[in-house]
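Me: I would like to learn how to read a protein structure, one feature at a time. Could you walk me through this one?

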Amino acid sequence: MNAPIVRLTSLAHGGGCGCKLAPSVLRQLLADQPLAHPYRELLVGTETGDDAAVWQLDDETCIVATTDFFMPMVDDAFDFGRIAATNAISDVYAMGGKPIMALAILGMPVDKISPEMVREILRGGAHICATAGIPVAGGHSIDSPEPIYGLVVVGVCSASDVRRNASAKPGDALILTKALGVGIYSAAFKKGALSPAAYAEMVNSMTLLNRVGTKLAKEAAVHSMTDVTGFGLLGHGLEMARGSNVALCVRFDDLPFLTEAADLAQRHFVTGASVRNWASYSESVTLPSSFPEWRRHLLTDPQTSGGLLIACGPDHAAGLLQMIAGAGYPSARIIGRVDAGSPSIEITG
């Protein structure tokens, strides 16, 4: 007898990057952990909450290493595998690296999910890795109460191409490469309120590789990069602000959003992670007066496999934006600027 078909999302208490621990909880857990020093070869460690670790092998080559995994936010197993793989590889691109191989991380409730469904998850991940030009060279699996999938990703770059979240400069322009609203869409999907067109838009966004990051790292005008994931635009923007000791000013009206994100937010399709995110960092954010709560949720919305947030020289922003859009990111926008000041974010109209 065939095993009954189950919704992947019904087996998980959360999904995608919305599973991440809240920023405030993560800070508490890491507060007394030793920094990864003294290792002179370790160019990037845990000190600024950057996207991946970077180890300098020699004068020519650095290794970029990361890991990312989560529970499903969609029910299609192949889509889940593609989304998780795209999200994991993004960390290497955000550092300016070129991925070279991946290892799979798999945890499955073997008594609740069919082998065929697990194979589809793995096939989706391998498909994205092949698109990125890298092999899945191994991995590890366990029997777990909830479905989990992700990757360890290893990449390479030169030391001059490393781009951190801690190198933004006053006067820089800010560019965002993907539309926001993935978490809001996922909340609507879980409650059966997401249209087929919106589902396709969500999956297309989450499976679009951030490979433009490797090209951007070759541009001297690009000073800082990070990818926007579970902490939302505000959370990852604040990591850039704190690491760089600057203030960010973001123009709400210039932000790109998925087509139905504003409407769904106004209908209260938001994630618990959005609420936890705001509670974790609201003291560092200034919003316009009478700013509605639904708009705030668009800013704290956890993004799974979100876009790159880039700080670059203002005179080069228009040209870089044109290059990014031409590379396949039509939602890319210039969204604000970097100012001198204490680490914070101000939202303007």
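Me: Leaving aside its neighbours within four places in sequence, which residues is Ile347 in contact with?

Reply: Happy to help, and keep in mind that this is a predicted model. Ile347 touches Leu234, Val250, Phe252, Val285, Thr286, Leu287, Pro288, Phe291 and Leu299, once its neighbours within four places in sequence are set aside.

Me: Which nonpolar core does Ile347 belong to, and how many residues does that core have?

Reply: Ile347 is in the largest nonpolar core, which has 82 residues. Ile347 is listed among those with the most contacts inside it, along with Ile89, Leu151, Leu194 and Leu233. Helix α2 supplies the largest share of this core, with nine residues. Another core lies apart from it and has 18 residues, including Leu216, Ala221, Leu321 and Tyr329.

Me: Now the sheets, please. How do strands hold together in a sheet?

Reply: Here is the general idea: strands of a sheet pair through backbone hydrogen bonds, and the pairing is either parallel or antiparallel. In this structure, one open sheet has seven strands with mixed pairing, in the order β8-β11-β7-β12-β9-β13-β10. Each of β8 (222-227) and β10 (285-286) has a single partner strand, so one side of each is left without a neighbour in the sheet.

Me: In which sense do β10 and β13 pair, parallel or antiparallel?

Reply: β10 pairs with β13 (residues 344-348) in the parallel sense, over two bridges. To find this place on the model, look for Thr286, which stands opposite Glu346 in β13.

Me: Which helices lie across strands of this sheet?

Reply: Try helix α7 (residues 232-244), which lies across β7, β8, β9, β10, β11, β12 and β13, running at about 130° to β13. Helix α2 (residues 77-94) lies across β8 and β11, and its direction is at about 165° to β8.

Me: What is the strand order in the open sheet of six strands?

Reply: That order is β1-β2-β3-β6-β4-β5, and the pairing is mixed. At its edges are β1 (42-44) and β5 (136-143), each pairing on one side only. On average, neighbouring strands here are turned by 20° against each other, direction ignored. β1 runs antiparallel to β2 (residues 53-56), and two bridges join them. Leu42 stands opposite Trp55 in β2. Helix α2 packs on this sheet too, touching β3, β4 and β6, and its direction makes about 150° with that of β3.

Me: How should I read aromatic pairs, and how many are there?

Reply: Look at the distance between ring centres and the angle between ring planes. The count comes to six aromatic pairs. Take Phe189 and Tyr199: their ring centres are 5.4 Å apart and their planes are at 35°, so the pair is tilted. Phe189 sits in helix α4 and Tyr199 in helix α5, 10 residues apart. Phe189 counts as buried, because its relative accessibility is 17%.

Me: Which pair is edge-to-face, with 85° between the planes?

Reply: That is Phe252 with Phe291, at 5.4 Å centre to centre. Phe252 belongs to the loop between β9 and α8, while Phe291 belongs to the loop between β10 and α10, 39 residues apart. Phe252 has 6% relative accessibility, so it counts as buried. Phe291, at 16%, counts as buried as well.

Me: Which rings are linked into a cluster by ring pairs?

Reply: Those are Phe70, Phe80 and Tyr149.

Me: And which residue lies over the face of Phe189?

Reply: Arg7 does, at 5.5 Å from the ring centre.

Definitions and conventions: Residues numbered from 1 in each chain as written. Predicted model: local features only at pLDDT ≥ 70, side-chain atom pairs only at ≥ 80, totals over all residues. Heavy atoms only, no water. Pairing = 2+ DSSP bridges. Helix = DSSP H or I, 4+ residues; strand = E, 2+ residues; numbered from the N terminus. Contact = heavy atoms within 4.5 Å. Axes fitted to C-alpha atoms, helices over the stretch in contact; angles between N-to-C directions. Core = buried A, V, L, I, M, F, W, Y, C linked by side-chain atoms within 4.5 Å. Buried < 20%, exposed > 50% of the residue type's maximum accessible area, 1.4 Å probe, protein only. Phe/Tyr/Trp six-rings, centres within 6.5 Å; stacked < 30°, edge-to-face > 60°. Lys NZ or Arg CZ within 6 Å of the ring centre and 35° of its normal.
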